[in-house]
Amino acid sequence: MTNSHLWNQYFPIPKPAYNSRGQWRDSVYDPVLKPLKISYDPTTCLHIWNNGYSFLVEFDDSADRSIIVGGPLENQYRLKQFHFHWGAINEWGSEHTVDCKFYPAELHLVHWNAVAYPTFEEAVMEGDGLAVIGVFLKLGAHHEGLQTLVDALPAIKHKDTVIEFDVFDPSCLIPQCPDYWTYAGSLTTPPLTESVTWIIKKQPIEVDENQLEAFRMLLFTSDGEEEKRMVDNFRPLQPLMNRTVRSSFQ
Ligand SMILES: NS(=O)(=O)c1ccc(NC(=O)NCCCCO)cc1
Ligand SMILES: [Zn+2]
């Protein structure tokens with residue numbers, strides 16, 4: 001299936017294995033990497049909306065109330081929004097792969113460097129402007145915290161629909177295990193700027209089939225247009241090129 005917005009960031013995190021194309025590379029343990037510190041204020045949550053590519057939960061980022069610090073980051077970064085990428089079926093959907101394995105979906109929590117830049121839009125253009133936490137979703141047990149989001153999806157079925165979302169703590173979507181991989185990369189959709197410090201959590205969260213199906217009931221299309229189900233909203237494979245992936249764990 002080829003859609004212009006099919007985005008997937010090729011990101012092999014192989015164990016000792018490597019492939020004949022020599023494209024894969026091991027991640028390198030970096031003992032200097034610190035634990036990532038996450039402190040979100042649930043009342044900074046504003047609304048949940050369908051932007052025609054994914055569904056996003058946006059936050060009030062006018063002050064340092066929901067921030068991350070530590071890990072590979074020099075500064076603290078403010079939470080602006082989170083969104084997901086998923087497939088039409090459980091065989092694919094994530095934008096990163098581990099040992100060449102796709103997960104059915106991937107969560108991105110998007111933060112920006114408000115210490116160095118006055119606005120998100122400016123941070124998007126800078127190498128140290130953004131920090132995105134990636135969390136893999138794996139098919140398994142029902143996820144209580146995610147259900148709050150799933151219950152809101154029917155109200156934002158169509159593109160450009162939005163509902164108020166007063167209180168939500170996204171840390172319930174981040175696994176306890178502190179292990180992560182990190183590398184310097186880009187946004188996976190236009191403007192595709194190389195402004196992202198990627199922080200990919202090693203441990204996935206578990207969600208059940210009904211919850212993944214609820215994502216797939218959303219539409220790319222506006223009310224009144226011919227319906228197109230919102231699925232496979234991930235980026236096509238990209239080579240790792242000469243980028244080094246560091247791991248916070250051995
Ligand atoms: N999938 S991803 O890499 O996490 C990602 C996050 C934000 C965006 N874009 C965004 O938040 N706003 C676009 C506006 C940028 C120019 O002002 C695109 C991709
Ligand atoms: Zn994303």
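These are my notes on the zinc site and ligand 1 in this structure.

**Entry 1. The model.** I am working from a predicted model.

**Entry 2. Zinc donors.** I looked up which protein atoms bind the zinc ion (ligand 2). They are NE2 of H83, NE2 of H85 and ND1 of H108. I note distances of 1.9 to 2.1 Å from these donors to the zinc ion. Along the chain, the spacing of the donors reads H-x1-H-x22-H.

**Entry 3. Zinc geometry.** I checked the angles next. The zinc ion (ligand 2) has four donor atoms, with angles of 99 to 115° among them. I therefore record the site as tetrahedral, since four donors count as such if all angles lie between 85 and 135 degrees.

**Entry 4. Burial.** Are H83 and H85 buried or exposed? I find H83 buried, and H85 is buried as well.

**Entry 5. Around ligand 1.** I listed the surroundings of ligand 1 and got 14 residues. The closest are H83, H85, E121, T188 and T189. H83 and H85 also appear among the zinc donors in Entry 2.

**Entry 6. Polar contacts of ligand 1.** I went through the three histidines in turn. An N or O atom in the side chain of H83 is 3.3 Å from a nitrogen atom of ligand 1. For H85, a polar side-chain atom lies 3.3 Å from a nitrogen atom of the ligand. For H108, I read 3.4 Å between a polar side-chain atom and a nitrogen atom of ligand 1.

**Entry 7. Cover and pocket.** On its own, ligand 1 has 480 Å² of accessible area, and the protein covers 77% of that. I also looked up where ligand 1 sits: the space it takes is the largest pocket.

How values were computed: Residues numbered from 1 in each chain as written. Chains lettered and ligands numbered in written order. Predicted model: local features only at pLDDT ≥ 70, side-chain atom pairs only at ≥ 80, totals over all residues. Heavy atoms only, no water. Donors = N, O, S within 2.8 Å, 3.2 Å for Na, K, Ca; no water. Tetrahedral: all angles 85-135°; square planar, octahedral: opposite > 155°, others 65-115°. Buried < 20%, exposed > 50% of the residue type's maximum accessible area, 1.4 Å probe, protein only. Near = heavy atom within 4 Å. Polar contact = N/O pair within 3.5 Å; in protein donor to acceptor, adjacent residues only side chain to side chain. Areas by Shrake-Rupley, 256 points an atom, 1.4 Å probe, with all protein chains shown as cover. 1 Å grid on protein atoms, 1.4 Å probe; cavity = no way out; pocket = protein on both sides within 12 Å on 5 of 7 lines; lining within 4 Å. Sits in = over half its atoms within 2 Å of the grid points.
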